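Hi there,

Here is the structure I promised to pass on to you. Please open it next to this email, and my notes on what turned up follow below.

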Amino acid sequence: MKNIEDLLQELSRQDISSERKETTLTESEIKRLHEKTLQKINGEIHTKTNVENKKSKKQNNITTHPSFWRRYSRPFAAAAAACLVCMVGVTAFAAFSFDDSIRNFFNIYDNQSQQTAEKLTTNVNASDESNGIRLDLTQTIGDHSGFYAVINASDLKDVPYTLEFGSYELAITGKDGTSYDYTADTISSTSVNEGITKFPMLVSGINNNGNDVDINNSHIALSLKNIGYRNDHGKFVTLQKGSWKLNWTFQTNAKPEQINVDKDIHLMDSEGHWTNIVVSPLSLTAHYTITKQGKTHFTQKEWNKYEKSDRLTIEFTDGSRIDSRFEDDVTESWGDASGEGYKRIGFNQIIDAKTIASVTFGGETITLHQTKATDKRIRISSKAAKCFVELPESVAELVTLKEKSAVTNPDFGCSEATATFTAKRGGAKMPLFTIHRLKGSFTSGKMEELNPMMIYIGTHNGYTYTIEYGECQTDAQLREFADIMNKYITNILPFFEYAD
């Protein structure tokens with residue numbers, strides 16, 4: 001059985017205009033490949049808490065401010081998968097010394113990333129066997145704030161479903177015996193290769209009663225029960241009964257860099273002091289104290305007014321950006337006058353600190369390195385959808401905007417306005433993306449059910465905003481727009497804002 005993640009990566013690296021060798025897949029592999037592709041497109045990310053907790057879907061027009069850590073998920077995480085076949089020109093490289101799941105998760109596609117990742121990766125010898133099924137935890141990669149681990153399961157039945165554990169418990173204990181809180185994704189299978197099923201797990205948001213902690217050399221105890229899958233009705237179906245316990249000491253060679261900031265900031269309607277940032281190849285953390293506590297509940301109008309100050313935004317020297325609104329792994333503790341709060345973004349790729357141009361938090365920006373981007377951003381606004389995006393000038397000059405107002409969306413049965421950004425170059429034409437402004441409030445789960453190609457952005461003033469990415473469907477579109485789709489459009493949401 002072939003590794004499905006590898007198949008997806010292979011597809012992404014192929015230039016479809018070149019001659020390919022025929023690849024033969026079994027029926028089971030085809031089903032599993034189809035399922036994994038749909039998961040990527042749908043942005044299916046399971047977390048203990050999600051972005052609806054942050055924005056609360058504005059139930060009763062009230063938003064609760066966090067008093068403890070939060071975990072967000074980014075429903076559009078699979079934007080790149082929507083243009084999977086558009087990816088061309090990626091250079092192949094020699095096999096890494098670490099697990100392929102680590103390579104795939106952190107998008108390690110060059111030698112520099114590989115070398116950095118190897119320094120952050122530790123071999124682990126944690127194993128257990130139950131009812132003939134052996135689990136081996138072989139490697140972890142992480143910094144002082146969280147880690148990603150890979151569990152290998154031997155000799156599981158091969159079924160065309162994503163597998164997961166019926167239940168699991170994770171205990172993290174510090175060097176002084178203190179037990180830490182944490183957040184973790186559902187532990188789901190990603191591939192099967194030569195009888196080995198891989199179960200990666202991401203653990204973050206680790207804290208001690210809201211205080212940021214250093215987890216290096218902490219003891220990890222993981223207990224797992226039963227392996228199975230969710231059927232079409234969402235019910236867990238046990239494939240293999242068992243009970244496994246894995247224990248190890250987490251270690252990392254990461255050397256986070258602390259940079260003093262010393263700036264007064266505004267967070268929502270509270271006042272604070274931004275003390276420092278801590279940067280590692282896997283995360284960036286802003287530490288701060290609250291000097292004047294504001295409200296803990298906000299109306300929709302107040303939330304719209306203050307929300308921007310609560311973001312953590314990182315600008316890179318190439319002009320790209322990540323924004324805590326749209327990242328998979330964001331954790332936060334609010335803190336108070338006596339206890340330091342923090343907000344952290346976990347990176348989905350290996351980051352060189354020298355590529356960080358600036359960091360913005362609480363309405364203040366600190367500059368770390370000079371930007372190398374020469375393509376200035378141009379704002380394109382939609383009156384119908386009441387929003388705007390900022391595109392690089394080289395892309396903006398190719399784009400025309402087509403707007404619709406007060407039309408009915410057939411999937412949601414509600415009124416909507418749309419803004420479609422269409423590009424034309426070299427005789428080829430394609431919609432890069434469409435912003436939908438749906439009347440009413442819809443959850444991201446409902447959105448996946450009614451139209452999985454729509455990716456949730458947020459709710460604003462009684463409307464739900466979504467984005468629908470274009471797809472390269474012809475050779476001409478691939479030739480003209482693959483670079484634009486992969487470099488700019490999959491990173492467009494950090495440059496999105498509401499206009500009212």
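Let me start with one strand pairing: β16 and strand β17 (residues 321-323) pair in the antiparallel sense over three bridges. Strands and helices here are DSSP runs numbered from the N terminus, with at least two residues of E for a strand and at least four of H or I for a helix. Two strands count as paired if DSSP finds at least two bridges between them.

Before going on, some ground rules: this is a predicted model, in which local features need pLDDT of at least 70 and side-chain atom pairs count only at pLDDT 80 or more, while totals for chains, interfaces and linings use all residues. Residues are numbered from 1 along each chain as its sequence is written, and side-chain values use heavy atoms, with hydrogens and water left out.

Back to β16 and its partners. In the β17 pairing, Glu-315 has Arg-321 as its bridge partner. The hairpin of β16 and β17 has four residues between the strands, and Gly-319 there takes a positive phi near 95 degrees. Strand β16 (residues 312-316) also pairs with strand β20 (residues 356-361), antiparallel, over five bridges, and there Leu-312 is matched with Phe-361. Four of the five residues of β16 are buried, which leaves the strand mostly covered. By "buried" I mean under 20% relative accessible area, against over 50% for exposed and partly exposed in between (1.4 Å probe, protein chains only).

Phe-361 leads on to the aromatic rings. The count comes to 17 aromatic pairs, where rings of Phe, Tyr and Trp (its six-membered ring) pair if their centres lie within 6.5 Å, and planes under 30 degrees apart are stacked, over 60 edge-to-face and the rest tilted. The rings of Trp-274 and Phe-361 have centres 5.7 Å apart and planes at 80 degrees, so this pair is edge-to-face. Trp-274 lies in strand β13 (residues 270-280) and Phe-361 in β20, so the pair ties together parts that are 87 residues apart in sequence. Both Trp-274 and Phe-361 are buried. Ring pairs join these two with Tyr-288 and Trp-334 in a cluster.

Next, have a look at the hairpin further along the chain. Strands β22 and β23 have four residues between them, with Lys-386 in the turn at a positive phi of about 50 degrees. Six bridges hold this antiparallel pair. Strand β23 (residues 387-392) has five of its six residues buried, so it is largely enclosed by the rest of the structure. On its other pairing, β23 runs antiparallel to strand β29 (residues 496-498) over three bridges, with Phe-388 opposite Glu-497.

Arg-379 deserves a closer look. This residue is found in strand β22 (residues 377-382) and stands opposite Glu-390 in β23. Leaving out residues up to four places away in sequence, Arg-379 touches Phe-388, Val-389 and Glu-390, a contact being heavy atoms within 4.5 Å. The charged end of Arg-379 sits over the ring of Phe-388, 3.9 Å from its centre. Arg-377 does likewise with Phe-495, at 3.6 Å from the ring centre. The rule for both is NZ of Lys or CZ of Arg within 6 Å of the ring centre and within 35 degrees of the ring normal.

Then there is an open sheet of five strands, antiparallel, in the order β24-β25-β26-β28-β27. Its edge strands are β24 (399-409) and β27 (455-460), each pairing on one side only. Nine bridges join β24 to strand β25 (residues 414-425), and Val-399 stands opposite Ala-423. Helix α10 (residues 475-487) packs on the sheet, touching β25 and β26 (428-439), and its direction makes about 55 degrees with that of β26. For that angle, axes are lines fitted to C-alpha atoms, for helices over the stretch in contact, and angles run from 0 to 180 degrees between N-to-C directions.

Finally, the totals. The protein chain has ten helices and 29 strands, and buried residues make up 54% of its 500 residues. Of the contacts with a separation of 6 or more, 65% come from residues 24 or more positions apart.

Best wishes
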